[in-house]
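Hi,

Here is the structure I said I would pass on. Have a look, and then read on for what turned up in it.

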Amino acid sequence: MSLFVVHPGLAPETVQARAYQLQAVDEAMSGSMLLVLPTAAGKTAVAWMTIVERLEKEGGWALVISPTVALSNQHLENTSSVISNIEKINPICLSGHNPSSKRKTLWGTSKLIFATPQVVRNDCVSGILTLRDCSLLVVDEAHHCTGGHAMADVVDSYSSQSEKPLILATTASPGSRKIQIEEVCRRLRVERIHLRTQDDPLLSDYLAELDIDEISVEVPVQIRDLAEPLRIWQEGVVARERMIGSYVMPGPISQAGLSNAMERAQSAIRDGNPSGYGSSSQIAIAMRLHHLINHLLCQGVAASCHFLKRMESEDSKSRSSTIFLQDLRIKKLFKQLVEMGEIHSKVGAVRRLVRERIRRDADSRVIVFANFRDTVDALEDALSGLDGIRAAQFIGQSSRSGSGGLTAKEQVSRLADFRDGRSNVLVATSVGEEGLDIPSADLVVFYEPVSSEIRTIQRRGRTGRKRAGEVVVLIAEGTRDEGAKESARRKEEFMHKILRRVSRELNGPRHGDLKNMGSFQVKTPEGVLSAYEYIIGERERARGELAKEDLTPKEAREKSGSSIPISNFRPSGQTGLEEF
């Protein structure tokens, strides 16, 4: 039984009625807000309803910024069928592919514009765009709103120019560090945080089931044998740097330790200490070895070969790069990799998982995420030729050392091919993580775990958006994969605690519950309810379900009284130990 939201600005029976979304709209209309919902929980629907209500109440126009052109185009396509007075609103999408001279004439032609933050920033700076009459700014994937990111610059311009500013920022993953979330909130100028987790009783029924499996794979002995001389070489370099005080971090060699050592070497150079030059060169070698070792152990033969080929083809090779590539150990390894077929267990696991999924359901869609373009190239090669599998790459726009990127137009085209079935396996780097609405992605494979909780949540959200989905994480035993998995898990657990803490510290104006729902109704099979009645009814239903059964074990209830002797309690009025 489907219930739909009724509003003058929405096309009939296009937005499903969900109480938690309507509550988010109610709060968003009271002041600038950061909305944090799980992926596939419908942040976009909240944005649609906020847009039509804001335009209805305040007039002006609305701007929606998204980090990629593909995502902006996707928002335009999805929104066009939702808006009722589409001719009057005339939604459009602007990107860097529109010349600035043409954009100048387009900015004033629409009441709803989707754009990348870079375009908005550039046009504000050049003077061809003013945000004075923009009554609503929607910031998608708002966790990018930090530092010198164009998204943060757009918010700055909007806050200073708009006569009636209101910001709705949305994300599934704002970060796990308090300082990071505080910066996002500060740069967005939000007055409140609206947070709901997947356990929320109003939300949980709408989330498709998502199975997450971790598969440990054993690194082949041949690959460990290839990596061992590199590991010995790296340990020798770092041992020397430890002796002279350049590498100071304890424990196993890590990227963080090497980066810290490089900073210390550069600082020594700035202070006029000539020993810094030697340390800088040696640490650069250790860093390349670190990447190469991890490519071998966690990525595979083909990805490692790509890595060395890319380094060799760089137009601006540094002296240390040249020395590194000329070393006999690297030359020998390169020759072995070129002559060797792919033997890493992860590649075989990906082939097996994809083949089984497509064989089980020929209409399935699969996304394979990998951190490096080298690995994406290798995986596409490994999947090509398998029966029924049509694999395509989805990578960023930048070209890197002989590896050409995809233009925004090509990205949009590949997403359309994937959605329509012309390709059924998407092999993607991080550019595919955010916001992609691919309802039929039944399986997501993480070629390796990522230590970032933001990227983990974003990747995981590419499946289970409309029906049950599956996530498989491949973990190479005894490698950095194991640490990355645990790091992401801890950060994700901590994220919601920090969000609630930061939310309590925000000093937004008091919000009157459901006071902004006057224009919203809900169409049911029995008739039309006010949004207020519908939300109150859903709250009562959720409250009743929670109160149906006390699941606390009997023994725990019997022992629920305090076991602390009464003599240990602090007397009333005691404020310190000196008063004990």
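**Aromatic pairs**

Going through the rings gives a count of three aromatic pairs. Keep in mind that this is a predicted model. One of the pairs is Trp233 with Phe324, which is stacked, with 5.8 Å from centre to centre and 20° between the planes. That contact links distant parts of the chain: Trp233 belongs to helix α9 (residues 221-243) and Phe324 to helix α13 (residues 319-326), 91 residues apart. Both Trp233 and Phe324 are buried.

Another pair is Phe369 with Phe446, where the centres are 6.4 Å apart and the planes sit at 85°, so this one is edge-to-face. Phe369 is in strand β10 (residues 365-369) and Phe446 in strand β13 (residues 441-446), so the pair ties together parts that lie 77 residues apart in sequence. Phe369 counts as buried because its relative accessibility is 0%, and Phe446 counts as buried at 3%.

**Salt bridges**

How many salt bridges does a search of the whole structure find? The answer is 22. Here are a few of them.

- Glu470 and Arg357 meet through their side chains at 2.7 Å, N to O. This pair also links distant parts of the chain, with Glu470 in strand β14 (residues 469-476) and Arg357 in helix α15 (residues 345-360), 113 residues apart. Glu470 is buried, at 18% relative accessible area, and Arg357 is buried too, at 13%.
- Asp156, Arg187 and Arg189 are joined into one network by salt bridges that share partners.
- Arg329 and Asp327 form a salt bridge at 3.0 Å, N to O. Arg329 is partly exposed, with a relative accessible area of 40%, whereas Asp327 counts as buried at 18%.
- Arg132 and Asp133 form a salt bridge at 3.5 Å, N to O. Arg132 is partly exposed, with 43% relative accessible area, and Asp133 is partly exposed at 40%.

**A charged patch**

Last, something to look for on the surface: Lys497, Arg500, Arg501 and Arg504 form a positive patch. Arg504 is part of helix α19 (residues 480-505). Is Arg504 buried or exposed? Its relative accessible area is 65%, so Arg504 counts as exposed, the cut-off for that being over 50%.

Best wishes

Note on methods:
Residues are numbered from 1 along each chain as its sequence is written. This is a predicted model: local features need pLDDT of at least 70, side-chain atom pairs count only at pLDDT 80 or more; totals for chains, interfaces and linings use all residues. Side-chain values use heavy atoms; hydrogens and water are left out. Patches are made of residues with over 30% relative accessible area and no salt bridge: like charges are joined within 9 Å, nonpolar side chains (Val, Leu, Ile, Met, Phe, Trp, Tyr) within 5 Å. Accessible areas come from the Shrake-Rupley method with a 1.4 Å probe; for residues, only the protein chains shown count as cover. A salt bridge is a side-chain nitrogen of Lys or Arg within 4 Å of a carboxyl oxygen of Asp or Glu. Lys and Arg count as positive and Asp and Glu as negative; His and the chain ends are not counted. The place of a charge is taken as NZ of Lys, CZ of Arg, CG of Asp or CD of Glu. Helices (H or I, at least four residues) and strands (E, at least two) are DSSP runs, numbered from the N terminus. Buried means under 20% relative accessible area, exposed over 50%, partly exposed in between (1.4 Å probe, protein chains only). Rings of Phe, Tyr and Trp (its six-membered ring) pair if their centres lie within 6.5 Å; planes under 30 degrees apart count as stacked, over 60 as edge-to-face and the rest as tilted.
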